[in-house]
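Here's a quick tour of one model, starting with its empty space and moving on to a helix and a couple of single residues. Have the structure open as you read.

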Amino acid sequence: MEQLFYGIEDADVQAVTQEYPGIHTPKDLYDALLDVWCQETCPPRMREKWCPENRTLGQCSITSFLAQDIFGGRVYGMLRPDGNYHCYNEVDGHVFDLTSEQFAGETLCYEGNPEQFREVHFAKEEKRLRYELLRERLRDKCGPRAGKTAENAETVKTAETVKTAETARIAGTVRHSSVDGPGVRFTVFFQGCPHHCPGCQNPDTWDPSGGEETALGDLIGELRATRYLDGVTLSGGDPFLQPDALIAVARAAGEKGLSVWAYTGWTFEALFSGAAGERAADALNYIDVLVDGPFQEALLSKECLYRGSSNQRLIDVPASLEAGQAVLLAGM
């Protein structure tokens with residue numbers, strides 16, 4: 001069977017689980033998925049365009065995380081013009097993209113792209129359900145399972161657990177900041193960021209398992225006890241990686257009559273469309289000003305007020321939600 005995916009020549013890594021009999025290499029997985037990918041595993045917005053001749057259309061993220069279950073390694077994503085990420089795999093230096101055929105000969109860049117995390121992608125319920133469907137269809141294709149490894153069981157548990165936050169993982173707080181927005185602000189640096197912008201000033205906040213886990217009650221208590229504030233700024237990391245915690249802190253700020261600013265590597269359009277998850281989209285309702293977009297070192301400018309690079313925007317979120325499109329903050 002002809003195989004056309006990117007990296008096929010180098011895709012000789014071995015499976016780390018026996019859960020899918022007959023799947024030993026990415027080539028085996030690709031062959032099996034040709035009979036597994038279907039219209040139902042394609043995103044709803046793309047299903048009208050899906051056809052057997054273009055089986056990989058819209059299958060990238062769920063396929064990449066399934067491949068990660070089987071081979072380990074990391075998932076990376078290249079930012080597309082529509083604000084979404086096209087996902088692919090890297091295992092021990094071997095890069096492969098099982099769904100590259102959908103781009104019909106377009107030259108794709110597989111270098112310098114940010115790591116992707118299933119916690120972010122599967123926060124969107126419809127995507128998590130499509131991943132589960134793809135996984136079950138592959139199990140049916142492969143026949144009786146040889147048994148779950150502890151590592152695979154933990155991976156599945158992580159993918160399927162979506163719960164309301166009682167804690168936040170943060171890198172720290174600054175009780176009186178004068179550089180994270182206008183006036184004196186209480187700044188929370190959330191831990192975890194999927195964007196990994198070259199030249200980032202806070203690379204220690206990228207790892208979602210780093211920092212410290214803090215009870216939201218304690219964090220909000222610290223905010224409420226802090227006097228002489230003009231606002232609250234949610235930074236990181238990327239606060240939209242923890243949307244429930246973001247919402248809780250933003251609500252507490254609103255109760256104090258404080259303005260809420262948030263910094264994110266996603267664009268407003270990506271958040272608004274749900275590309276970062278439904279709860280991340282919901283979180284926009286609690287933000288006054290959004291500083292959006294990835295930091296681009298080539299566009300670094302000291303003239304950008306409250307921003308690192310000129311591609312980033314100061315967005316009036318309430319006005320943008322009403323208009324259904326990004327509205328820049330007046331006077332900035």
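The largest cavity has a volume of about 30 Å³. A cavity here is a set of points on a 1 Å grid over the protein atoms alone where a 1.4 Å probe fits but cannot get out, and its volume is the space filled by probe spheres set on the points, which are joined across faces, edges and corners. Its lining, meaning residues with an atom within 4 Å of a point, is made up of Leu79, Gly83, Tyr85, Gly265, Trp266, Thr267 and Ala270.

Bear in mind that this is a predicted model: local features need pLDDT of at least 70, side-chain atom pairs count only at pLDDT 80 or more, and totals for chains, interfaces and linings use all residues. Numbering runs from 1 along each chain as its sequence is written, and side-chain values use heavy atoms, with hydrogens and water left out.

Then there's the second largest pocket, at about 710 Å³. Closest to its centre, out of 32 lining residues, are Gln201, Tyr263, Phe295, Gly308 and Gln312. A pocket is an open set of points with protein on both sides within 12 Å along at least five of seven lines. Here's how the two linings split, with Ala, Val, Leu, Ile, Met, Phe, Trp, Tyr, Cys and Pro as nonpolar, Asp, Glu, Lys and Arg as charged, and the others, Gly among them, as polar.

| Lining | Nonpolar | Polar | Charged |
|---|---|---|---|
| Largest cavity | four residues | three residues | no residues |
| Second largest pocket | 13 residues | 15 residues | four residues |

On to helix 7, residues 243-255, which spans 18 Å from first C-alpha to last, close to the 18 Å expected at 1.5 Å a residue. (Helices are DSSP runs of H or I with at least four residues, strands are E runs of at least two, both numbered from the N terminus; the expected span is 1.5 Å times one less than the number of residues.) Its buried residues (under 20% relative accessible area, 1.4 Å probe, protein chains only) include Leu246, Ile247 and Val249. Among the elements covering them are strand 5, strand 8 and helix 9; contact means heavy atoms within 4.5 Å. Just after the helix, glycine 257 has a positive phi of about 75°.

Is threonine 233, in strand 8, buried or exposed? It counts as buried because its relative accessibility is 0%. Its side chain reaches the backbone oxygen of aspartate 180 at 2.6 Å, and a 2.7 Å polar contact links it to the side chain of arginine 185. Such a contact is a pair of N or O atoms within 3.5 Å, where, within protein, one must be able to donate a hydrogen and the other to accept it, and residues adjacent in sequence count only if both atoms are side-chain atoms.

Terms used: Buried means under 20% relative accessible area, exposed over 50%, partly exposed in between (1.4 Å probe, protein chains only).
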